[in-house]
Amino acid sequence: MVSANDLEAALDQVRANAAGPMAGVFGPDTLTWRIDREAVIFLGAGRALLLQLAHPWVAAAIAEHSKTFADPIGRFHRTFDIVFAMVFGSLDRALLSSRQLHRRHGMIVGEMPETVGPFAAGSRYCANDIASLRWVHATLVETALMAHDLVLPPFSVEERERYWTESRLFGALFGLTAVDLPGDWAGFAAYNAAMVQSDTLTVSPAAREIAMQIFSGARPWLRPPRWYRAITARMLPERLRSGFGFRLDERDKSAADNALTWIRRIYPKLPDRLRYVGPYQEAQARLRGELQPDWMTRCLNRVWTGRSQMDARR
């Protein structure tokens, strides 16, 4: 468990290694900014969610405590609001988001309604459990890089190592310490491979139901297009793809291939104002000394986080 004291100890390390009060935890010279500023990382949002749902504790917590079914757009906004505030916010904003997330997780406790994989019915779960946080952190880190590399030139071995070093600092915002995370990229890749092969990741009925609601859709106007569903399915390990009931027929594969062909052709040519997410543009404006983002950045922020200004206190 990550206690409040554990979190504060981790945040001391974040402050000691942060880029600065205005630049925030990472800053403009980091690979984390370079990856997470890209709107194309949205291609991986479905994969990250499904990998998280494949952990039975996470699926049970979302099913019992989340408003995903009633407010899927709200959940999208809340997730990106937290992540972008940690990555692109000022140092104070990043630390505030970290504490808000910990408090929110502290209220997410319960019992497994049924036995799933190694988790027995009646066993207790808590969102601030270290093993669960480590997996959620891993899905965000790995998927962001995977989505980036689907469209843009892939990173070198050295850049991946540097990215993982930065990601360990990102993990500290969850309360994860150096002993909780692999020491290098090879260790991180080995952890992900071991998780995929283990029965720790077992798609529960609750996870399948949530996935069906999101990707098949009780609300057709929110249903992701075929090409997005196909790309998401293709990015999943085969065992988990089958567990969620995703099928990749020839039409699906063709839709994914055609979409990626057009995205790879058009996306790199987009102007920065359209290509980079609003919170990144707000961060750049903050570093230029501007008191608030301009109207276009505020509009982009609303698309990604549901509100106009990342650093505004709530």
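**Exercise 1. Place His77 in this predicted model, decide whether His77 is buried or exposed, and list what His77 touches.**

Solution. Begin with the secondary structure: His77 sits in helix α5, which covers residues 72-88. Next, take the relative accessible area of His77, which is 18%. Since buried means under 20% relative accessible area, His77 counts as buried because its value is 18%. Finally, look at the contacts, leaving out residues up to four places away in sequence: His77 then touches Arg302, Val303, Trp304, Thr305 and Gly306.

**Exercise 2. Find out which residues of helix α3 are buried, and explain why the helix is described as largely enclosed.**

Solution. Helix α3 spans residues 45-53. The buried residues of α3 are Gly46, Arg47, Ala48, Leu49, Leu50, Leu51, Gln52 and Leu53. Eight of the nine residues are therefore buried, so the helix is largely enclosed by the rest of the structure.

**Exercise 3. Classify the loop residues Ala120, Thr177 and Gln292 by their accessibility.**

Solution. The class needed here is partly exposed, which lies between the limits of 20% and 50% relative accessible area.

- Ala120 belongs to the loop between β1 (109-111) and β2 (124-126). Its relative accessible area is 40%, so Ala120 is partly exposed. Not counting residues up to four places away in sequence, Ala120 touches Met112, Glu114 and Thr115.
- Thr177 belongs to the loop between α8 (157-172) and α9 (185-197). Its relative accessibility is 34%, so Thr177 too is partly exposed. From C-alpha to C-alpha, Thr177 and His65 are 27 Å apart in space, while in sequence they are 112 residues apart.
- Gln292 belongs to the loop between α15 (278-287) and α16 (295-305). Its relative accessibility is 48%, so Gln292 is partly exposed as well. With residues up to four places away in sequence left out, Gln292 touches Arg298 and Gln309. Gln292 and Ser198 are 94 residues apart in sequence and 47 Å apart in space, C-alpha to C-alpha.

**Exercise 4. Describe the aromatic pair of Phe170 and Phe174, and then survey other ring arrangements in the structure.**

Solution. A pair of aromatic rings is described by two quantities, the distance of the centres and the angle of the planes. The structure holds 17 aromatic pairs. One of them joins Phe170 and Phe174, whose ring centres are 5.2 Å apart and whose planes stand at 90 degrees. Planes over 60 degrees apart count as edge-to-face, and the pair of Phe170 and Phe174 is accordingly edge-to-face. Both Phe170 and Phe174 are buried.

Next, consider the cluster that ring pairs build, whose members are Trp33, Phe42, Phe80, Phe84, Phe88, Trp227, Tyr228, Tyr276, Tyr280 and Trp304. As a last step, turn to a charge over a ring: Arg265 lies over the face of Trp262, at 4.8 Å from the ring centre.

**Exercise 5. Determine which residues line the largest cavity, and state how they divide by character.**

Solution. The structure holds one cavity of 30 Å³ or more, and the volume of the largest cavity is about 30 Å³. Its lining consists of Ser98, Leu101, His102, His105, Asn128, Leu133, Leu173 and Phe174. Sorted by character, the lining residues comprise four nonpolar, four polar and no charged. Sorted by element, the largest share of the lining, four residues, comes from helix α6 (residues 91-106). Phe174, which is one of the lining residues, also appeared in Exercise 4 as the partner of Phe170.

Key: Residues numbered from 1 in each chain as written. Predicted model: local features only at pLDDT ≥ 70, side-chain atom pairs only at ≥ 80, totals over all residues. Heavy atoms only, no water. Phe/Tyr/Trp six-rings, centres within 6.5 Å; stacked < 30°, edge-to-face > 60°. Buried < 20%, exposed > 50% of the residue type's maximum accessible area, 1.4 Å probe, protein only. Lys NZ or Arg CZ within 6 Å of the ring centre and 35° of its normal. 1 Å grid on protein atoms, 1.4 Å probe; cavity = no way out; pocket = protein on both sides within 12 Å on 5 of 7 lines; lining within 4 Å. Points joined across faces, edges and corners; volume = space filled by probe spheres on them. Helix = DSSP H or I, 4+ residues; strand = E, 2+ residues; numbered from the N terminus. Nonpolar A, V, L, I, M, F, W, Y, C, P; charged D, E, K, R; others polar. Contact = heavy atoms within 4.5 Å.
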